[in-house]
Amino acid sequence: MKPKDIKKNKFDRFKSLKLPELKKGNIRLDNLLKCTKDFSQKGNDLYVRREVVKGTFQIIENVDIENRTIVIIDDVFSTGSTIFEAAKTLYEAGAKKVIAIILSVNQLTESSIEYKNLKCKVCGSNMRIRMNNNTGELFFGCENYMEHEEEKNTGELIPGMNALKKKNKFEIYEIIDLLDEF
């Protein structure tokens, strides 16, 4: 979150994910980066976005990322400027590899990414992540899954995420020298 958002006690989209509590094996989820300045990307083109975000992030104190693989989770991908700046900061601090996971793509107006959704095998509508109101568990269900008489067509979260990942795999095959880029 940006400094002004923290001061205003703005809703933190990622806090509800309870990242530090989701430990599995040697994988630990936590905040590693701190946003040090307020900025806005709205209405800016790619080049202005890259300039606006420069120098925005720093590693949180007492966090060791030397020679580690780091996964960045971000909420929106428009031009990639924020993700690239965060990755640059992590690489400069010694990260071995940086992977980005994006929870949504911003209307694809300035992005070359074509998002492919999972489709319901019963009615053909889009499958979405939903939450069970009783248990709080996440699952995949189509827009009309409650109306399907014979088959509800819901799916577990992890297999659904794996299917989406496979369908929407976004990789950069070229190694970019970030210092030349910025």
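The following legends describe close-up views of a predicted model.

**View A. Nonpolar surface patch.** Val71, Ile73, Ile99, Ile101 and Leu103 together form a nonpolar patch of about 380 Å² on the surface. At least two residues of this patch come from each of the strands β3 (69-74) and β4 (97-102). Ile101 belongs to strand β4 and is partly exposed, its relative accessibility being 39%.

**View B. Cysteines without disulfides.** The structure contains zero disulfides. Cys123 is accordingly unpaired, and the nearest cysteine sulfur, that of Cys120, lies 3.8 Å away. Cys120 also carries the cysteine sulfur closest to that of Cys142, at 3.7 Å, which is too far for a bond because a disulfide requires sulfur atoms within 2.5 Å. Cys142 is buried, with a relative accessible area of 0%, whereas Cys123 is partly exposed at 36%.

**View C. Salt bridges Lys54–Glu51 and Asp64–Arg68.** Four salt bridges are present in the structure. One of them joins the side chains of Lys54 and Glu51, with an N to O distance of 3.0 Å; Lys54 is partly exposed at 29% relative accessibility. Another pairs Asp64 with Arg68, whose closest N and O atoms are 3.7 Å apart. Asp64 is partly exposed, with a relative accessible area of 47%, and Arg68 is likewise partly exposed, at 42%.

**View D. Salt bridge Arg128–Glu143.** The side chains of Arg128 and Glu143 form a salt bridge at 3.1 Å, N to O. Arg128 is located in strand β5 (residues 127-131) and Glu143 in the loop between β6 (138-142) and β7 (154-156), so the pair ties together parts 15 residues apart in sequence. Arg128 is partly exposed at 37% relative accessibility, and Glu143 is partly exposed with a relative accessible area of 41%.

Methods
Residues numbered from 1 in each chain as written. Predicted model: local features only at pLDDT ≥ 70, side-chain atom pairs only at ≥ 80, totals over all residues. Heavy atoms only, no water. Patch = residues over 30% accessible without salt bridge, like charges linked within 9 Å, V, L, I, M, F, W, Y side chains within 5 Å. Areas by Shrake-Rupley, 256 points an atom, 1.4 Å probe, with all protein chains shown as cover. Helix = DSSP H or I, 4+ residues; strand = E, 2+ residues; numbered from the N terminus. Buried < 20%, exposed > 50% of the residue type's maximum accessible area, 1.4 Å probe, protein only.
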